[in-house]
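Colleague: I would like to go through some of the labels on this model and hear what each one rests on. Please start with the strands.

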Amino acid sequence: MKKIFIIALSIVVWTFWLTAPARAQSPIQVTPAPYKVEIAKRITFPVTVSSAADITKMYLAVRFPGTNAAGSRIFPKFTPSEKVETTAVWNLDRDLVSAPGGYLPPGAQGTYSWHIEDAAGNVLDTPPAPFRVTDERFDWRQLENDRFAVYWYKGDDAFGKTIFNRLNQTIDRIEQAIGAHYPDKIQVFVYADDGAFQSILSPGHDNTEFVGATPVDEFSVMLVKSAPEDLQFAIVAAPHELVHMVIDQELGTGLGQVTMPLWMNEGLASYYEYDPPQMEERYQTLLDDAIKNDRLLRLRNYANTRPSDYREGLLMYGQGYSVVEFIVNEFGRDKLSQIFQELKHSSADDAFSKVLGVNQDGLENLWRKKIGAPLKEYATQVTPTPAAQPTFALSAAETPAANQPSPTPQAVSANNTAAPAAPTVAPAASGAPSSNSGGGSLCGLGFGGLALAMVGAYSWRKRKRF
């Protein structure tokens, strides 16, 4: 129904423009035709153009107003003539990276217009008409309000409503907790079929078989893989990714993953998966074991670097959750909002120092003392500021190389002396997790016996990040 409305609106806009008195004398005439979406393949924009002189130049301009997504000009093939019938094609195929167009998720919306020139020197630019990427392979159900539109095609009304309600609860909680606001309606597409889900992921997802949920921030879209029998996964994965979307939106697209320490970003996302908060059992088991055997991770090492080891990744999530919980319980929930506001303009160390009186190492030692773990005398390392990285990588190829320059260490006491803001160099990759690693986590970690990577869609046409 929404696609029909957009097509109808497009035709109305063009018809009004073409029949207006001011345009009636234009020697170049355009006959509008509906665009067609073939999801994961292409969008076709047919057009018929005529003039008293030969049409010599034509291109389709595609834009995405209000987003960071890059538009494009598409030059269709045609033979100069007084009447031309041709079609511009926006490629959606993830394997045809050199074809005109680029990745667009379901729900993406933009505008298109034609630029036309003839041999007599006449020029015509048609008014922008709206289009929307739809997936016509399924008969979608829909539930929406002013914050969310949830779409699903398998499962009853209760299935979609449960996901819808959980998202609305989560956004209220996280926005209140960190003093943020997500301004746009978020479209959530729940795919029950693995093949169909993989086909609509961006080319940046190298391990599509491990992805279970991912946001596409440019278009305020979230993609979730969940059959009705996997509802429990959906109502944990969707809130988790929603928290990432709110953080990234508020701190600035692309900056959320480097301004806020990664361990805190994932800790917040894990903390707000449930209401009231509860740590996933697998995290807790690894955290308890690490405390018992003095194998806790140094938080600063995971400020901007994702673990290369599966179990290490699970432990980072557990520690992040536990430290966020510690801040809430020991300093007060309002401190989360204060830290978040400081992160908009400060380094992580400066933000923690101003709000809590300690930097990352000092905060870690306060937390260690609370849980009964040994305090640490750390040597702080200085490295260049890293670029944003996607959610926990199962592939060793997605981690930084080991041959980084050695930084100069500075002593940092367990009582917390000043430390530079930059995190340490990423450790060398030790390989992807085994296929029998078990489940129960997000953003690249398994749930319900599945190793699912909740990787973020950070590479839309390679234009979003730095």
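Modeller: Strand β6 (residues 109-118) is mostly covered, with 8 of its 10 residues buried. Bear in mind that this is a predicted model.

Colleague: What makes a residue of β6 count as buried?

Modeller: The cut-off is under 20% relative accessible area. In β6, 8 of the 10 residues are buried, so each of those 8 is under 20%.

Colleague: How do you know that β3 and β6 pair?

Modeller: Pairing requires at least two bridges between the strands. There are 8 bridges between β3 and β6, so they count as paired, and they run antiparallel. Ile55, for example, has Asp118 in β6 as its bridge partner.

Colleague: What makes β8 and β7 partners of β6 as well?

Modeller: The rule of at least two bridges again. Strand β8 (residues 129-132) is joined to β6 by 4 bridges, antiparallel, and Tyr112 stands opposite Ala129 in β8. Strand β7 (residues 123-125) is joined to β6 by 3 bridges, also antiparallel, with His115 opposite Asp125 in β7. Both counts meet the rule, so both pairs stand.

Colleague: What lies between β6 and β7?

Modeller: The two strands form a hairpin with 4 residues between them. Gly121 in the turn has a positive phi of about 90°.

Colleague: Why are β9 and β12 called edge strands?

Modeller: An open sheet of 5 strands has the order β9-β10-β11-β13-β12, with mixed pairing. β9 (141-144) and β12 each pair on one side only, and that is what the term edge refers to. The twist averages 15° from one strand to the next. β9 pairs with β10 (residues 148-152) over 4 antiparallel bridges, and Leu143 stands opposite Val150 in β10.

Colleague: Which helices lie across these strands?

Modeller: Helix α2 (residues 157-178) lies across β9, β10, β11 and β13, at about 150° to β10. Helix α4 (residues 231-251) lies across β10, β11, β12 and β13, at about 155° to β13.

Colleague: Why is Ser220 called buried?

Modeller: Its relative accessibility is 6%. Buried means under 20%, so Ser220 qualifies. Ser220 lies in the loop between β12 (213-216) and β13 (221-225), and its phi is near 50°, a positive value in a residue other than glycine.

Colleague: What makes the bond from Asp275 to Pro276 cis?

Modeller: Its omega is near 0°. Pro276 is in the loop between α6 (262-271) and α7 (281-292).

Definitions and conventions: Residues are numbered from 1 along each chain as its sequence is written. This is a predicted model: local features need pLDDT of at least 70, side-chain atom pairs count only at pLDDT 80 or more; totals for chains, interfaces and linings use all residues. Side-chain values use heavy atoms; hydrogens and water are left out. Buried means under 20% relative accessible area, exposed over 50%, partly exposed in between (1.4 Å probe, protein chains only). Axes are lines fitted to C-alpha atoms, for helices over the stretch in contact, and angles run from 0 to 180 degrees between N-to-C directions. Contact means heavy atoms within 4.5 Å.
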